[in-house]
Amino acid sequence: MAPKPALSKLPIKLAKSGFYRGFSLDVTVVSKIIISALVVWAIFWPAKAGKVLGDWNSLILANFAAWYIWVVALFVIVCVGLALWPAAGKLNLGQPGEKPEFSNFSWFSMMFSAGIGVGMLTWAVAEPVTHFANNPEVIQGLTTGRSADNVRMAFKWSFLHWGTGAWASYAIAGLAMAFFSYRRALPLTIRSSLTPLFGKSLSGPLGHIIDIVAVVATILGVAQTLGFGVEQFVAGLTRIGIVGLVNAEGGASTFGIILALVIIMGASTLSALSGVGKGIKWLSNLNMFLSVILLGFFIIFGATFFGATAMAFGIWDYLIALPEMSFNVWQTDGVEGSEAFLLAQWQGWWPVFYWAWWIAFAPFVGLFLARISRGRTIREFVLGAMFVPSFMCFVWFAWAGGTAIDLELNGAANGVIFDAADGDKIFAMTEFMLAPISEWLAWGMALLIVVLLLTFLVTSADSAVLIVNTINAGGDEGPKARPHILFWGAALGLVVVGLLISGGTAAIKMAMVIGALPFSIVMVLMCFSLVMAIYSDGRREAAGVQTTFSANKPAPTE
């Protein structure tokens, strides 16, 4: 018996007229209610919100740490498997013979900027320095914190968090959506990627729930990025001479946070109004250009040989330890201060937090990757969206973080970098390197980093606004009415403000870890759905059954 043709139509009920014309009322209104309720709760009852978020976060870390660790390992395995599987790797994410819309440079620039660009400026210096002081090997007494024997461990763990696991999370989501949208002519939205499992039922409440979960995860994931970025942006503005933005403790003041968010969200909303092909593409190319300048500075004028050594040994240690790090889960014994307790606590603070962050970011980055990757093969997509960005992250960490560690290890910096706040470490390091030569050089480098940080934040925020509206519109990528772009731009900023009020960046972390859990289940289903679809298409092709369909946007229905 010949296999049945694949599902190529998934009607999603969209409003035909009125304020929500072209949008799914079920997804859009419910998503807005959930996010608005979160904002009101966090702003008007901050203490209660902080406590509840803390309790839920503790519950998830105690019961789902292993889940987060293992599902990300699954994403890596599936991505690598699809790239190596001959029948899958050659498939075009589009119609047969279709060519990519964007050049390789623009494709990579937009992908990197939206995916992890902001994090590079905070964590490329801060994370290796932090792991240099403490990591599982230090806790177990195998190495000594802030000593030469701990350098390799600092990079091994940094590479774990920013390597293939992060990008596999994005790649799975993007690959699934691109496959079903561009080969099956289904709407470019999350629910479409689960059609082999649930079929036409995804047109109804089940599909609405999946898309709502994706919207909430996206807002919380991007809020996490903005939370870190806003504090670093304020630190940078202070470094270039703008006063009144920090409090007595040296952290960002309420005024500083609000001012930074107004600048970031205002610019991102304007960019979102111009669309992917204009504002976002231009900003992505700009911040890629500035990134090359900054990275070149670290490579040429920083710890050149130390960074190269860190890169080589870091990748080696990472690859050798990857299987164990990907599956190992430390269990606490409940005794505070014990080795087992500290290892489990460290894993919750770092790998589990990062895996939740990448999963929460996945609907946003994944749909964005799908949007800009039409016409590429699955193998090309995996190589370009998983391995190339991982390598670039390693380069950043090796030379930016390596320069910081080298300056502290040889005693030159004398704690200047260690003692700075995480977001301020890159500014402290560049000032230490350049101020003795020229105060103006140090100021100019701080200004470059501030501009680069702003472009990264704007690219992430405006891409998120466009992606949320695409999901709400049942996958329609066309221009959206200004009020909806303005609403999500404001909502994203208010979520950051509300959660910062209720508990600082810790509250944003907790909300994000909670919000990521439901979508992690959706992503696991995506893996099975994608493999099933590719296998079934192989059988259809052998039987002469059609496997690709022309894209036809669904017309709005009552």
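Modeller: Let us start with a word we will need for L160: a contact means heavy atoms within 4.5 Å. Leaving aside its neighbours within four places in sequence, L160 is in contact with Y318, L322, M325 and W355.

Colleague: Before we go on, how should I read the numbers and the confidence of this model?

Modeller: This is a predicted model, where local features need pLDDT of at least 70 and side-chain atom pairs count only at pLDDT 80 or more, while totals for chains, interfaces and linings use all residues. Residues are numbered from 1 along each chain as its sequence is written, and side-chain values use heavy atoms, with hydrogens and water left out.

Colleague: Back to L160, then: is it buried or exposed, and how do you know?

Modeller: Buried means under 20% relative accessible area, exposed over 50%, and partly exposed in between (1.4 Å probe, protein chains only). L160 has a relative accessible area of 3%, so it is buried. Its place is in helix α6. The C-alpha atoms of L160 and L457 are separated by 24 Å, with their places 297 residues apart along the chain.

Colleague: What makes a stretch a helix, and how many helices and strands are there?

Modeller: Helices (H or I, at least four residues) and strands (E, at least two) are DSSP runs, numbered from the N terminus. The chain has 17 helices and 0 strands.

Colleague: How do you know how compact the chain is?

Modeller: We use the radius of gyration, taken over C-alpha atoms, and a globule rule of 2.2 Å times the number of residues to the power 0.38. For 558 residues the rule gives 24 Å, and the chain comes out at 23 Å, close to that, so it is as compact as a globular protein of that length. The C-alpha atoms fill a box of roughly 75 × 50 × 50 Å along the principal axes, and buried residues make up 61% of the 558 residues.

Colleague: Which share of the contacts joins residues at least 24 apart?

Modeller: Counting contacts between residues at least 6 apart in sequence, the share that joins residues at least 24 apart is 81%.

Colleague: Why is helix α15 described as largely enclosed?

Modeller: Helix α15 covers residues 425-434, and 8 of its 10 residues are buried, so it is largely enclosed by the rest of the structure. The buried ones are K425, I426, F427, A428, M429, T430, M433 and L434.

Colleague: What about S390: is it buried or exposed?

Modeller: S390 has 2% relative accessibility, so it counts as buried. It lies in helix α14 (residues 378-409). Not counting residues up to four places away in sequence, S390 touches W162, G163, T164 and W167.

Colleague: What makes a pair of atoms a polar contact, and where does S390 form one?

Modeller: A polar contact is a pair of N or O atoms within 3.5 Å; within protein, one must be able to donate a hydrogen and the other to accept it, and residues adjacent in sequence count only if both atoms are side-chain atoms. The side chain of S390 reaches the backbone oxygen of M386 at 2.6 Å. A polar atom of the S390 side chain also lies 3.4 Å from the backbone nitrogen of T164.

Colleague: Is D537 buried or exposed, and how do you know?

Modeller: D537 has a relative accessible area of 3%, so it is buried. D537 sits in helix α17 (residues 482-542). Leaving aside neighbours within four places in sequence, D537 is in contact with F179, R183, R184 and T547.

Colleague: And E324: buried or exposed?

Modeller: E324 has a relative accessible area of 56%, so it is exposed. E324 belongs to helix α12 (residues 304-327).

Colleague: Which label does V52 get, and why?

Modeller: V52 has 22% relative accessibility, so it counts as partly exposed. Its place is in helix α2 (residues 46-84).

Colleague: What makes the phi of R146 worth pointing out?

Modeller: Most residues other than glycine have a negative phi. For R146, phi is near 60 degrees, a positive value in a residue other than glycine. R146 lies in the loop between α5 (136-139) and α6 (151-162), and with a relative accessible area of 44% it is partly exposed.

Colleague: What is the phi of A185, and where does this residue lie?

Modeller: A185 has a positive phi of about 65 degrees although it is not a glycine. A185 is in the loop between α7 (164-182) and α8 (195-198). Its relative accessible area is 12%, so A185 is buried.
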